[in-house]
Amino acid sequence: MDSIKLEIYRSLYSSVAEEMGLSLRRTAFSPNIKERRDYSCAVFDRRGRLIAQGDHMPVHLGSMPMSVRAAIERCDMCPGDVVILNDPYAGGTHLPDVTMVAPVSPAHPLTRSPALLFYVANRAHHADIGGATPGSMGAASEIYQEGIRIPPVRIVRGGELDRDVFNLLLANVRGREEREGDFAAQLGSLRVGARRLLEIVDRSGFKEADDYARHLVDYASRMMKQTLMAIPDGSYEAEDFLDDTSESGEPVRISVRVEIRGARARVDFNGSSPQVRSPVNAVEAITVSAVYYVFRCLIAGDVPASAGILEPIEVIAPAGTIINALPPAPVAGGNVETSQRIVDVLLKALSQADPALIPAASQGTMNNLTIGGWDERRDQEFAYYETVAGGMGARPGADGLSAVHTHMTNSLNTPIEALEYAYPLRVRRYAIRRGSGGEGKYRGGDGVVREIELLVDACVSLLADRRRFAPYGLMGGGEGRRGSAELISGDKKRRKLPGKFSISAKRGDRIVIETPGGGGCGASNDRTVRETEERKRNKRK
Amino acid sequence: MLPGDLDKRSIMMKKTKITRSANAHSLRIGVDTGGTFTDFIAVFKDHQLTFKIPSTPRAPEQAILDGLIELTRAFDEIDGESDASRVAMDIVHGTTVATNALLERKGARTALVTTAGFEDVIEIGRQARPDLYNLSVTRPDPLVPRELRFGLKERITADGGVIVPLKQTELAWLREKLKRAKVESIAVSLLFSFADPSHERAVSEALEALNIPVSISNQILPEYREYERTSTVVINAYLAPVVSRYLSGLTHALSRHASKRGGSRLRIMQSSGGSISAQVAAREPVRTILSGPAGGVVAAMQTAELADAGDIITFDMGGTSTDVALCRGAARTTNEAQIAGLPVAVPILDIHTVGAGGGSIAHVDAGGALRVGPQSAGADPGPACYGKGTRPTVTDANLALGRFAGGGLLSGQIKLDEERAAAVIDELAAEMSRASSERVTRVQAALGVIRVANSNMERALRLVSVERGHDPRFFTLVSFGGAGGLHAAALAGGLRIPRVLIPAHPGAFSALGLLLADVIKDYSRTVMTSIENSHGHPREIERQLAALEKRAIRDLRAEGFAPSRMNLSRTMAMRYRGQSFELEIEASGDCLAKFHQAHLERYGHADPQRTVEIVSVRLRGAGITEKPELKRAGRVQRSEAQPQRSALVWLGEKRVPVSVYDRAGLKPGAMIDTPAIIIEYGSTTLVPAGWRASVDRWRNLRLDFREEIKRQKAKGKRQK
C-alpha cells in the first residue's frame, strides 16, 4: 500500500460522492433538497461496503450501508438497474428519506456478464411521501399513516425507467410534479457518480481502484481502533428521556452502557423503553448511525467515511424497543428526534471517560415543521418541510454556538426569499433566541425564533422534542431553555402548542417556534473568573 | 544578464526588447502589490521592463510611486529621449488592501440595515456548522455586531409587491440611530430588494445627508438568498472606507505624479480575472478580494496555452502566502466562495490560499513540534538574512542550505546575509534540540523548516486537485512568485506532478497577468420567462439583451475602447422551472436544445417535456486591452547549456556540487544538467537530480520529472 495513493483514493472517492451531491442539489426541484441539502450521496465497493460519503447528513451515514445491503439482497441487481426504497423495515430509516442504489459496471453493457465494480447510492428527504398529513411528518400511531412504503424494488431496469412503478409512486404523494423532478435528479446524480467511478477505473485499472477501496476501509478501522485505545477502559452508563409517554405512563427512556476494552467498544442499549404508538420509534439503522456519528467525532482529524469506522464497535439494540422498533410502529421522528437523544445519551456516558472532550447537551431536537395544503396562487398542492436550528452545548473550553444545527443533522435553512417564492407562506421573524443557552463558565448556544404566517388555510405539523426535559449542562453548567411553539390566530389570540402536533390552521394564522438552547459547561461563578483571565490575556497581547 | 547601466539607485530591472510596436502614446504598467514585494511590469514603445521593490505595507502606494518614478527614468534612459515621462500612464493594479483588511478584521465600523425581524440573519447564516464531525467546531463572528444592526418596518414580497410601506418616520428614526452609532460605513440589505429596489433606494437617499458610504444590496448583488447577499454587501461596506481611502490616495498621488504627462488611468484587477476602473473598485471593493492572485492565474493560463502545457495547477508562492488554483481548459469562477469563513457571492476565480511563504516564521511550539507560519516576517522586518529580522524564516533556511548558490535577491539588490541566517537557524536548532533532547544540527533544522513549509503548501495543492477528484499526475504545475522556484520541484515530486513550468519573469508574473487581462464588465437582468419553442428566444429577451449591450458599449467607450476593441458575449441563465440553479447557455441558435444537451452532459439526465425558464440574461463586455506580446523564439536548437559555475548545496543531509546557471544566458532549446540551480532576477530555481530541465521556445523553464514520466510510460498511461 502506497500512502500517497491511499490519500489520493480517499479524496477521489469522496469527491465522487461530493459531485453526486452537487449534481443532485443543482437539478432538484424541492427547496428541501436544492436549498436545504437534506440528502446524502455515497460510494460502495463491489461487496457493498461503504468507501466514501459526502459530508452531508450524519444521520444518513451509518444507515445508508443498510439500504445498499437490502437492495443487493432483495433485488439481485444487474447492470443498468436502479433500486429504490424507503421502507424503514427493509433498509430505510423513515419514509420521506427515499434511497436509490445503482450498481456500476463497465460502459459496455453488451459484454457478457459484466462485473459489478461499485455501487453508488443517494438518499434525499422528500417534502412529501403521502400519508395522513402533508409533509408526512405528522402524528401517527402506525407506519401506514406515514406515507407510501417502498420495499427495495427496481425503478430502472437495464437502463429503462419502469413507468409502472414510477406512476404507482407518484400517485401516492402530494406535489407530483415536484416529486417527479426530484426523483429524476436522484437518478441523474447516480449516473454522474457512475461516470466518475468508471473514469477512475479507466485510468488506473479496476484492480488498483478496488485494492484501495479495501485499504480505505482498513485504514478507517485502524484509526478508530487507535482512538478507542486512547479512551480509558471502563464501563460508562447514562440515560435520558424523550418527551413522549410510553404505554406505562412513564417518559420514554433511552439508556446506554458503553464498554471500552482496549481497541474495541461495545454499545449496549438494553434498558431502553419498549417501542411506542407515536412516531418517535427509531429503527436499528438510526441507532447505528448515532453510534457511528459519536465515535467518528472522537477521532482526531480527518478519516474516510468508510465501513471501517464501525468495525471495532459492537452495537446491541434489543428489538421491539424505542431504539430498534418493529413493524408496524410509526418511525418518522426516530430519524430526526430520537437519533439526537441517542447522541445525547452516548455523549453523556462518554463524558465520564473523557470529560475534557465532551460538550454539554445541544438542543437535542430538529424541530421538524411541515406545512401543507392547496396553493391558490399556483392552483396546486404544496408541502413545505424545514428543520430549525437551536443552541449547541457548551464545550469544556468554549461557549456553544448559537443558531446552528448539531449532531445528526446539518441541513441548511430555506432562504426566506426562496421559501416565500415557493410556498404561500410569509416569514415574519427569524432571530436568535437570546438568553436561551444554559449558564456556566462556558455558555450554551442560544436557540432560534422563527415565525411563519400562513397565506392560505393549511395543515401544520410539528415534530419536536426537549419541551419537557431540558438539554443538560455538564460540570455544574446550567440547562438550556426548553423549546416551545405557539399559534397566533388572525384575531391575535395566542395558543400554546405541544412539541408534537398536527393542526388545521387558517389563513393569517402565525406559527411561532422557539428552539431549545444548549446546556452550559462549568459553574456560572467560574465565568467571571474566566472573563477576567481572558481580559488579562487580551491586554497582554 | 542585467543591463547594469540601468542601476542608478537601488533598483535593478530586467529589460526585454519586444518585437511588436506597442502603443507609442502610452506607458502601460502592471503593478502587483504583494505582502513582501511590489512587482512591476511596464511596456513602452518597443521595450518591456520588469522589476520589484520592497512593499510598504503601511502605505502600499508609496512603493508604487517609487516604482513609477524609477521606471520612467529607466525608460527615458533606454530611449535616450524623455518620452516616457511625457506620455499618459495606463496602470492596472492588483491590490491586497481589501483582502488584508478582511482577513485581519481591520475594516470599518459598519452598521447593517435590514428588514425588521431579520437583524440576525447574518449571525444565523445558513444554520449549518462548517465541520461535521468536530465537537470543537467554531464559526467566525459576524462583521457587524448585534448593536449595530437596525431593522426597518417595511416589507416587500416575492413578486415585488409592497405590503408594509416604508414610512418617513422610520427613515428619520434610522438616521438618528445611525448618527449616534458613529459608524464609518453602512450596509443595506432588505428582503426581496432584487424584486423591488424602491425601499433600498429610499434608505440610501435618506442616509445621503449623513455623508457615510452606503452599500446597497440590489446594486452589489441583485440576487435572491438573503444571507449570501447580505454577507456580500456587509463585506463591501466593511471594506469600502479602507479601500476607497487607499485608492483615492493613490489616484491623487498618481495625478500629481502625472500632472506633466498626458494624465494617468488606474484600473484595478477584480477577483474574477478582469479589471475595473478605480472608481468602481472603490465603491465595490468586494469585487477585489482576490485582486492580486487573479493576475497570476490569468498569466498562467495564457502561458500554459502558448506552451501547450495542457491542464495546469498554478502555484504562486510569495513572501507571506501561497495561492494555488486548478485550471482545466479555463479558469473557473465561483459565486459560492467563502473568504475567512464568510460567503462572498460575486464571481471569484477559484483560488485557494495558505499562509505559507518565503517569509513564514519557523518556531517550536509548546508541544515541541516545529511549526512554520502562518506568522510572516513580511517585508518589514523581512527574513533575518535581509538584515533586519531576528526570527528564522523559510528563506533563511534555504540560504543556510546554500540554495541561493551565492546569489543575492533581485540580482544583488538585496544582499543575503549568510551569517545572520546561520545564526537564527542555529537558534532554532538549539530550541529543537531542547524539545527533542537530541542534538539537532543547523542543516537538520533548516531541512525541517523546508519540509514543514512544503507540507503546508502541499496541502493547498491537494485541496484544489486530489480533494476535488483531479489526479495531479495529469497536470502541469505553473510556478511563479518570487519564492516558488526553490520549492516547486519538491512539491511536484511529492504529488507526482510530472511537469513544472516556470515562466519567464516568474517574480513579476502576476503583474504580467494584470497587463494580459481585459477590462471586463458584467451585466445581467433577471427576466424569469418560460421558453416555449426551440426557435430563437422571445422578442422580450432580445430586447433586454440589446439594452444590456447598449450599456456595455457606452461604458466601454467611456473607458476609451473603440468598437473594434470590444468583445460582447451574450448568455442566458437557464433551468427547468422549479430548479434553483441555472446553466449558462450561449444566447444564439437553438438555446432550448443547447440547454437540454448541457443538462444531460453535466447532470446525467434531461427532460425535453419539462418547461424551461430563462432566469436572467447576461452580457459580458470585454474591452480588449493592448497586451505585451510574449516572444516566441523562431528557431529552437537543442544544446547543452554551460553552467556558470558550481556550488556546494545541501540537498538532504548531504552537501553536493550543483551546477549554477544564469537564466538570462539560457537560450530556447537549452538543456540543463541536474542537479542545478538557476538564478535570475526575482527568483531562484532548484532542480533536483531526477528531473530534466530545459528552456522552451517561449523561454519558459520546463522541468520534467523523469521518474514519474518513466512510471507513467511503463503503465502505458501517459496522457497528453
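The following exchange concerns a predicted model and takes up chain A before a sheet in chain B.

Visitor: What makes chain A as compact as a globular protein of its length?

Guide: The secondary structure of chain A comes to 11 helices and 20 strands. Its radius of gyration is 23 Å, and the globule rule, 2.2 Å times the number of residues to the power 0.38, gives 24 Å for 541 residues; the two values are close, so chain A is as compact as a globular protein of that length. Along the principal axes, the C-alpha trace of chain A spans about 70 × 60 × 55 Å.

Visitor: How many of the residues of chain A count as buried, and by what criterion?

Guide: A residue is buried if 20 or more other C-beta atoms lie within 10 Å of its own, and 63% of the 541 residues of chain A count as buried. Among contacts in chain A between residues at least 6 apart in sequence, 76% join residues at least 24 apart.

Visitor: Why are β30 and β34 of chain B said to stand at the edges?

Guide: In chain B, four strands form an open sheet with mixed pairing, in the order β30-β31-β33-β34. Of these, β30 (645–651) and β34 (683–687) of chain B each have a single partner strand, so one side of each is left without a neighbour in the sheet. From one strand to the next, the twist averages 30°.

Visitor: How do you know that β33 and β34 of chain B pair, and in which sense?

Guide: Pairing requires at least two bridges between the strands, and β33 (residues 676–680) of chain B and β34(B) are joined over five bridges, in the antiparallel sense. One of the residues concerned is A676(B), whose bridge partner in β34(B) is V687(B).

Methods
Residues numbered from 1 in each chain as written. Chains lettered and ligands numbered in written order. Predicted model: local features only at pLDDT ≥ 70, side-chain atom pairs only at ≥ 80, totals over all residues. Helix = DSSP H or I, 4+ residues; strand = E, 2+ residues; numbered from the N terminus. Axes fitted to C-alpha atoms, helices over the stretch in contact; angles between N-to-C directions. Buried ≥ 20, exposed ≤ 12 C-beta atoms within 10 Å, placed from the backbone. Contact = placed C-beta atoms within 7 Å.
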